[in-house]
Amino acid sequence: MEKINLKLVSASILLLLTSSLVVYGQIPTGIYTDTVQNNGSKTVHQVKINGDYFIYNEYEVDPAKFIKNVGGFFKIENTSPQNTLVVQLEFNSDYEKDALKQLTIPFKMDGENLQLNWSQKLALKPTTPAAQDLDGAWFFATR
């Protein structure tokens, strides 16, 4: 009886440790936002994560001004001392300027907040999107 309990406890501990390693470094699906104020203008940085897909939007408010939009499938590389988000870009609004096809962004989850160390350090907080008509994933194709 004691051997069975010891094996059960050992197996439980091993399962707990391996499952915590899988969770470590993951980014939960959601929308993360940070607003940075610089010289009187507000720049919004928004990251959308859906499974293994990443979308980044950057724009100014008041007056409204589009800055950048990139996105694609991502994977997480766990390297010491940090985790890295590697995004294979499917779209890049600045492609003519920078010709980037891949992004490599150091990141960290701080509780629910997503910290990116990209062109600048961003502390993105999860936001709850408002329900609206036509929500959902859309696929656009040519005729």
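This report walks through a predicted model of one protein chain, from its overall fold to its core and its salt bridges.

**Overall layout**

Let's start with the broad picture. The chain has 143 residues, of which 28% count as buried. Its secondary structure comes to two helices and eight strands, and read from the N terminus the order of elements is α-β-β-β-β-β-α-β-β-β. The eight strands form a closed barrel, running E1-E2-E3-E4-E5-E6-E7-E8 with antiparallel pairing. On average, neighbouring strands of this sheet are turned by 35° against each other, direction ignored. Among contacts in the chain with a separation of 6 or more, 28% are between residues 24 or more positions apart.

**Where to trust the model**

If you plan to work with the coordinates, confidence is worth a look. The chain has a mean pLDDT of 84, with 83% of its residues at 70 or more. Strand E3 (residues 53–61) has the highest confidence, at a mean of 96, while helix H1 (residues 2–23) has the lowest, at 49. For residues 14–24 the pLDDT is below 50, and beyond near neighbours in sequence this stretch has one contact in the model.

**Strand pairs around the barrel**

Strand E1 is a handy place to begin. E1 (residues 30–38) runs antiparallel to E2 (residues 41–50), joined by nine bridges. Within this pair, Tyr32 stands opposite Val47 in E2. The two strands make a hairpin with two residues between them, and Asn39 in the turn has a positive phi of about 55°. E1 also pairs with E8 (residues 121–127), again antiparallel, through three bridges; there, Ile31 has Thr127 in E8 as its bridge partner.

Another pair joins E5 (residues 82–92) to E6 (residues 102–110), in the antiparallel sense and over six bridges. Here Thr84 stands opposite Pro106 in E6.

**The nonpolar core**

In soluble globular proteins, nonpolar side chains tend to be buried together. The largest nonpolar core of this model has 18 residues, and the members that touch the most others are Val47, Phe54, Leu85, Leu114 and Leu116. Two or more residues of this core come from each of E2, E3, E4 (65–79), E5, E6, E7 (113–117) and E8.

Val47 deserves a closer look. Leaving aside residues up to four places away in sequence, Val47 touches Gly30, Ile31, Tyr32, Phe54, Ile55, Tyr56, Leu114, Leu116 and Leu124. Tyr32 in this list is also the residue that stands opposite Val47 in the pairing of E1 with E2.

**Salt bridges**

The structure holds two salt bridges. They are set out below.

| Lys | Acidic partner | N to O distance |
|---|---|---|
| Lys75 | Glu77 | 3.8 Å |
| Lys97 | Asp94 | 3.9 Å |

How exposed are the residues involved? Lys75 counts as partly exposed because its relative accessibility is 48%, and Glu77 is partly exposed too, with a relative accessible area of 32%. In the other salt bridge, Lys97 counts as exposed at 75% relative accessibility, whereas Asp94 is buried because its relative accessible area is 13%, under the 20% cut-off for burial.

How values were computed:
Residues are numbered from 1 along each chain as its sequence is written. This is a predicted model: local features need pLDDT of at least 70, side-chain atom pairs count only at pLDDT 80 or more; totals for chains, interfaces and linings use all residues. Side-chain values use heavy atoms; hydrogens and water are left out. Two strands pair if DSSP finds at least two bridges between them. Helices (H or I, at least four residues) and strands (E, at least two) are DSSP runs, numbered from the N terminus. Axes are lines fitted to C-alpha atoms, for helices over the stretch in contact, and angles run from 0 to 180 degrees between N-to-C directions. pLDDT is the predictor's confidence in each residue, from 0 to 100. Contact means heavy atoms within 4.5 Å. A salt bridge is a side-chain nitrogen of Lys or Arg within 4 Å of a carboxyl oxygen of Asp or Glu. Buried means under 20% relative accessible area, exposed over 50%, partly exposed in between (1.4 Å probe, protein chains only). A nonpolar core is a set of buried Ala, Val, Leu, Ile, Met, Phe, Trp, Tyr and Cys residues joined through side-chain atoms within 4.5 Å.
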